[in-house]
Amino acid sequence: MNGGATMHELSLAHDMTRIIGNALGRKVHLDRVNITIGPLSGISPESLRFCFTEVAKIEGFGEPELVINLTRAKLICLDCDTEYEAKDFYQGCPGCGSISRRILSGREFTVDSVELEEGND
Amino acid sequence: MCDEVTEQKVDITTSVMSKNDRFAADNRELLGGKGIYTLNLISSPGAGKTAVLESMARFFGPRMAVIEGDIQTRRDAERIEKAGCQAWQIETGGACHLDAHAVNHALSHMNLDPDSLQLMAIENVGNLICPSGYDLGEDMRIGLLSVPEGDDKILKYPSLFSSINVLVINKMDLISHLDFDVDRAIDECRSLNPDVLVFTVSAKTGEGMEEFCGFVENQFSG
């Protein structure tokens with residue numbers, strides 16, 4: 001499963017190279033890979049960066065820079081109905097301080113775009 | 001998925017979980033189409049997932065089947081078979097979670113006769129972090145926490161405990177020896193996850209198991 005990956009960031013790094021390979025239809029050296037991670041996705045950006053650097057090299061995509069757009073979660077307070085943004089699970093409502101809330105977004109994880117090395121296009 | 005190559009930048013805009021989510025949708029369609037209700041059971045190693053499933057196996061008998069996810073060994077599947085249910089072991093060979101593709105593969109090997117089978121329980125790899133991001137196609141996600149682990153674990157692993165439908169607190173037979181505050185655990189879980197339902201059980205003594213199994217049964221026979 002997932003090439004025998006042992007932690008989920010490593011599985012996800014393999015998934016990323018598969019998605020990139022499918023989208024490009026070939027393996028080429030990349031300058032940059034742009035991704036978006038939500039703060040409630042359960043993904044450690046630094047762990048993913050470490051894994052992706054290795055996997056990209058092994059899979060024939062060179063040594064691209066991984067540019068991570070870390071979004072803010074959107075939450076709605078169940079005590080005072082304030083809609084607010086948070087950078088992690090622990091940030092309470094700015095209106096009343098409650099952490100009782102419903103999650104509107106924040107679990108996203110997408111490969112947005114890649115930039116090819118000069119001479120590859 | 002891939003737009004035109006313009007200069008050097010190629011737009012991809014694909015969710016990394018999209019392949020998993022497609023298999024999850026397939027699993028949901030396959031099992032749902034047969035009227036089989038599916039559980040995804042997640043906990044740390046040693047919280048008692050297999051013991052809870054053995055107890056459930058005694059309640060449901062052959063109406064339940066179990067998919068076991070472990071790094072290695074068929075030990076858990078053998079325990080479930082002994083308790084009276086069909087079991088399929090997925091040996092992940094190191095991976096820290098099950099994904100929907102592995103479950104899809106397991107389902108292709110199992111007897112899914114809807115005349116006898118009503119409930120599919122998937123026991124995830126013991127881990128409070130990695131399984132939380134993977135939809136397996138379940139109807140209900142259950143987080144299992146045992147009292148020796150401590151009542152602070154819910155806020156330490158919010159990604160999982162905010163994604164579950166049901167919290168089962170196990171090993172209640174040990175509660176008098178420990179400082180685990182059940183009310184605190186429930187309050188903290190509800191703060192992350194306002195709709196969560198909570199059951200307190202001991203798979204060992206059977207305390208609370210009939211109520212929990214009855215609740216699960218109501219989901220598909222109600």
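## Two chains and their pockets

About 290 Å³ of space lies in the second largest pocket. A pocket is found on a 1 Å grid over the protein atoms alone: it is an open set of points where a 1.4 Å probe fits, with protein on both sides within 12 Å along at least five of seven lines. Grid points are joined across faces, edges and corners, and a volume is the space filled by probe spheres set on the points.

This is a predicted model, in which local features need pLDDT of at least 70, side-chain atom pairs count only at pLDDT 80 or more, and totals for chains, interfaces and linings use all residues. Residues are numbered from 1 along each chain as its sequence is written, chains are lettered from A and ligands numbered from 1 in the order in which they are written, and side-chain values use heavy atoms, with hydrogens and water left out.

### The pockets

The second largest pocket has 21 lining residues. A lining residue has an atom within 4 Å of a point. Nearest the centre of this pocket lie Gly42(A), Ile43(A), Phe89(A), Ile129(B) and Ser159(B). Helix H6 of chain B, residues 158–161, gives the largest share of the lining, with three residues. Helices (H or I, at least four residues) and strands (E, at least two) are DSSP runs, numbered from the N terminus. By class, this lining holds twelve nonpolar, six polar and three charged residues. Here Ala, Val, Leu, Ile, Met, Phe, Trp, Tyr, Cys and Pro count as nonpolar, Asp, Glu, Lys and Arg as charged, and the others, Gly among them, as polar.

The largest pocket has a volume of about 370 Å³. Of its 22 lining residues, Arg107(A), Ser132(B), Gly133(B), Tyr134(B) and Asp135(B) are the closest to the centre. The lining of the largest pocket splits into six nonpolar, nine polar and seven charged residues.

### The chains

Chain A has two helices and six strands. From the N terminus, its elements run α-β-α-β-β-β-β-β. The C-alpha trace of chain A spans about 55 × 30 × 20 Å along its principal axes. Its radius of gyration is 17 Å, but a compact globule of 121 residues would have one near 14 Å. That radius is taken over C-alpha atoms, and the globule rule is 2.2 Å times the number of residues to the power 0.38.

Chain B has eight helices and eight strands. Its C-alpha trace spans about 70 × 40 × 35 Å along the principal axes. The radius of gyration of chain B is 18 Å, which agrees with the value near 17 Å for a compact globule of 222 residues.

Buried residues make up 55% of the 222 residues in chain B. In chain A, 46% of the 121 residues count as buried. Buried means under 20% relative accessible area, exposed over 50%, and partly exposed in between (1.4 Å probe, protein chains only).

The accessible surface of chain A is about 5600 Å², with 48% belonging to carbon and sulfur atoms. For chain B the surface is about 9400 Å², and carbon and sulfur atoms hold 47% of it. These areas come from the Shrake-Rupley method with a 1.4 Å probe; for residues, only the protein chains shown count as cover.

Contact means heavy atoms within 4.5 Å. In chain B, 70% of contacts between residues at least 6 apart in sequence join residues at least 24 apart. In chain A, residues 24 or more positions apart account for 68% of the contacts with a separation of 6 or more.

### Selected residues

Two residues have a positive phi and are not glycine.

| Residue | Phi | Place | Relative accessibility |
|---|---|---|---|
| Asp81(A) | about 70° | loop between strand S3 (73–77) and strand S4 (83–86) of chain A | 61%, exposed |
| Thr13(B) | near 40° | strand S1 (residues 9–15) of chain B | 53%, exposed |

Helix H8 of chain B covers residues 209–221 and includes Glu210(B). Glu210(B) counts as exposed because its relative accessibility is 64%. Its C-alpha atom is 21 Å from that of Gln86(B), 124 residues away along the chain.

Phe212(B) also lies in helix H8 of chain B. Phe212(B) is buried because its relative accessible area is 1%. Not counting residues up to four places away in sequence, Phe212(B) touches Val52(B), Met56(B), Ile142(B), Val166(B), Val168(B), Phe199(B) and Val201(B). Thr200(B) is twelve residues from Phe212(B) in sequence, and their C-alpha atoms are 8.5 Å apart.
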